Amino acid sequence: MDNNGNEHMQQRRPGQGSGKKKRTYVTALVANRAGEIFDLKGYAAVGMAGPTLAPLTVEETPPMPYGSELMFMPDRKPILYNMDKSRLETLMENPYAPGESIFPVAAFNSPGHLVTYVSAYKENENAGFLPLFSYGAVGWYKGKFRTAVIRVDKERRQDLRLMKHEEVVEGIQKMRQILPDNRLREHLEKCALEYGCPAGKNFFLGRYEAPLPTSPHCNARCLGCLSLQENDQISPSQERIAFQPSPKEVAEVAVEHIIRVNRSIVSFGQGCEGDPLLVADVVMPAIVKIRSNTTRGTINMNTNGSRPDVIDKLFDSGLDSIRISLNSFRQAHYRAYFRPQGFGLSEVKKSIEVALEKGKFVSINYLNCPGFTDTPEEVEALTNFLKAYPIQMIQWRNLNFDPGKYLKIMYDVGEHGTPTGIKSLLDRIRYSFPDLKFGYFNPPKESFL
Ligand code: SF4
């Protein structure tokens, strides 16, 4: 940055050539101290991916998906592109209202959309951690918000338009009659109504995938854990389940969902719990009970994959699929985010190997952050993993964690080359592994093949 607050573009946009085609930029959005969001004429929105700063064009920003939310970012200054002067600038105040502080604005995009750039900003000194969301770049063009995303799943599983509050409440009343003494059913009411959890709502609506939270414990300490935080600057977004439901309670909820939903899925391992592998004494008999009632439905587990021996037994009991969360396939970077206690990447890979040997469906819940996930070192590590472990699916997820702090932690662990762009990462993986499914949601067993 020079003395006038002008930012020099650090490098060409990933994939950008030197062609002369005129670009149409989306207008920048900023917020004032009161949190009011407005567009800033003459400035284009800028996306950030580590060291890359890219003014956003209409072409690379689809209209903001329904259900997305706009957020302003405190303790931070927006980096914008001054279109008259053709340069990047870090603004301390509103150029049209001198003295008025302005802040960057980002979008928390609705499920199924992968962020390609985060909103560009510079942290103030001693800036606190941002809350546990992803901070996608967003702009304004012809009366519409547009965001830097790629849609990775077309299913409307978590489309809020199909999850009406009155119908959720109606579903809750019905379930109270069917499962009056079930504590898990009661817990899911809180998930659906207080936390607005789409999976919880879907249980009461009788759609797609129902959650089966069971574990109050975990053997990792993820930086972005939604249900437990050691960092007192970050509030967990959900309260971790405080009790262990019995196998009977779990099976009742699962069977109730399976018998009334076509192509249904029931999943252990939710945002409001620890890791289900730590309560195998509940999960295993619950799976056996479900399967003694019905062969229908997909029984899935979302997990950190830390215990291959337990996973082996769960598959023998009737588990159909697993989804394992990972931010990186390099030990140091994995450890820096997951902070695993008593396990490491080798155990996680062993779990995947066990599942593949048994012919089970394996997804990776791949936590993406532009500027890290798309660096050459990360792309190479992912590619090598996929060659060695022919898993069936990647669920491309946005990392819900302060992007600036995350990049610093990851870059401190090891140097990185220039990010090549999230789109180019997706294109490359699709080209190299044409049979690998891309998506966002756990699939039912009917579409495993
Ligand atoms: S594995 Fe899941 S429950 Fe455990 S710390 Fe990480 S995010 Fe939290």
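User: How do β4 and β5 pair, and over how many bridges?
Analyst: This is a predicted model, to say that up front. In it, β4, residues 46–49, pairs with β5 in the antiparallel sense, with 4 bridges between them. One facing pair there is G47 with A54, the latter in β5.

User: What sheet do those two belong to, and in what order do the strands run?
Analyst: An open sheet of 3 strands, ordered β5-β4-β11, with antiparallel pairing. The edges are β5 (52–55) and β11 (118–119), and each of them pairs on one side only.

User: Ok, next hairpin. How many bridges join β7 and β8?
Analyst: There are 4 bridges between β7 (residues 76–82) and β8 (residues 87–90), and the two strands run antiparallel. I79 sits opposite T90 of β8.

User: And what's in the turn, which residue has a positive phi?
Analyst: That's S86, with a positive phi near 50°; the hairpin has 4 residues between the strands.

User: Where else do non-glycine residues take a positive phi, say N126?
Analyst: N126 is in the loop between β12 (121–123) and β13 (138–141). Its phi is positive, about 60°, although N126 is not a glycine.

User: Is N126 buried or exposed?
Analyst: Exposed: the relative accessible area of N126 is 74%.

User: What about R263, what's its phi?
Analyst: R263 has a positive phi near 50°, and again this is a residue other than glycine. You'll find R263 in the loop between α4 (247–260) and β17. At 44% relative accessibility, R263 counts as partly exposed.

User: Since you mention β17, which way do its side chains point?
Analyst: In β17 (residues 265–268), I265 and S267 point one way, while V266 and F268 point the other way. All four are buried, on both faces of the strand.

User: What does β17 pair with, parallel or antiparallel?
Analyst: Its partner is β16 (residues 209–211), running parallel to β17 and joined to it by 3 bridges. E209 stands opposite I265 in that pairing.

User: Switching to helices. At what angle do α1 and α3 cross?
Analyst: Roughly 60°, with the axes of α1 (residues 165–178) and α3 (residues 198–205) coming within 8 Å. The crossing is left-handed.

User: Which residues make that contact?
Analyst: From α1 you have E167, V168, G171, I172 and M175, and they meet K201, F203, F204 and L205 of α3. By class, the contact of α1 with α3 splits into 6 nonpolar, 1 polar and 2 charged residues.

User: There's a proline in α3, P198. What does P198 touch?
Analyst: P198 does lie in helix α3. Setting aside neighbours within four places in sequence, P198 is in contact with Q158 and M163.

User: How far is P198 from G305 in space?
Analyst: They are 24 Å apart, C-alpha to C-alpha, with their positions 107 residues apart in sequence.

User: Now the other helix pair, α7 and α10. How do they pack?
Analyst: α7 (residues 331–338) and α10 (residues 403–413) pack at about 140°, with axes 9 Å apart. That one is a right-handed crossing. A332, H333, A336 and Y337 of α7 make the contact with Y406, I409, M410 and V413 of α10.

User: And the classes there?
Analyst: The contact of α7 with α10 has 7 nonpolar residues, 1 polar and no charged.

User: What about α6, which of its residues are buried?
Analyst: In α6 (residues 308–317) the buried ones are P308, V310, I311, L314, F315 and S317. Those buried residues pack against two helices, α5 (280–293) and α8 (345–357), and two strands, β18 (298–303) and β19 (321–326).

User: What comes just after α6?
Analyst: G318, which takes a positive phi of about 130°.

User: Last thing, the ligand. Which residues are around it?
Analyst: C218, A220, R221, C222, C225, R240, E273, G274 and N304.

User: How does that shell divide by class?
Analyst: The shell around the ligand holds 4 nonpolar, 2 polar and 3 charged residues. The charged ones are R221, R240 and E273.

Key: Residues are numbered from 1 along each chain as its sequence is written. This is a predicted model: local features need pLDDT of at least 70, side-chain atom pairs count only at pLDDT 80 or more; totals for chains, interfaces and linings use all residues. Side-chain values use heavy atoms; hydrogens and water are left out. A residue is near a molecule or strand if one of its heavy atoms lies within 4 Å of it. Axes are lines fitted to C-alpha atoms, for helices over the stretch in contact, and angles run from 0 to 180 degrees between N-to-C directions. A crossing is left-handed if the near helix is turned anticlockwise from the far one by less than a right angle, and right-handed if clockwise. Contact means heavy atoms within 4.5 Å. Two strands pair if DSSP finds at least two bridges between them. Buried means under 20% relative accessible area, exposed over 50%, partly exposed in between (1.4 Å probe, protein chains only).
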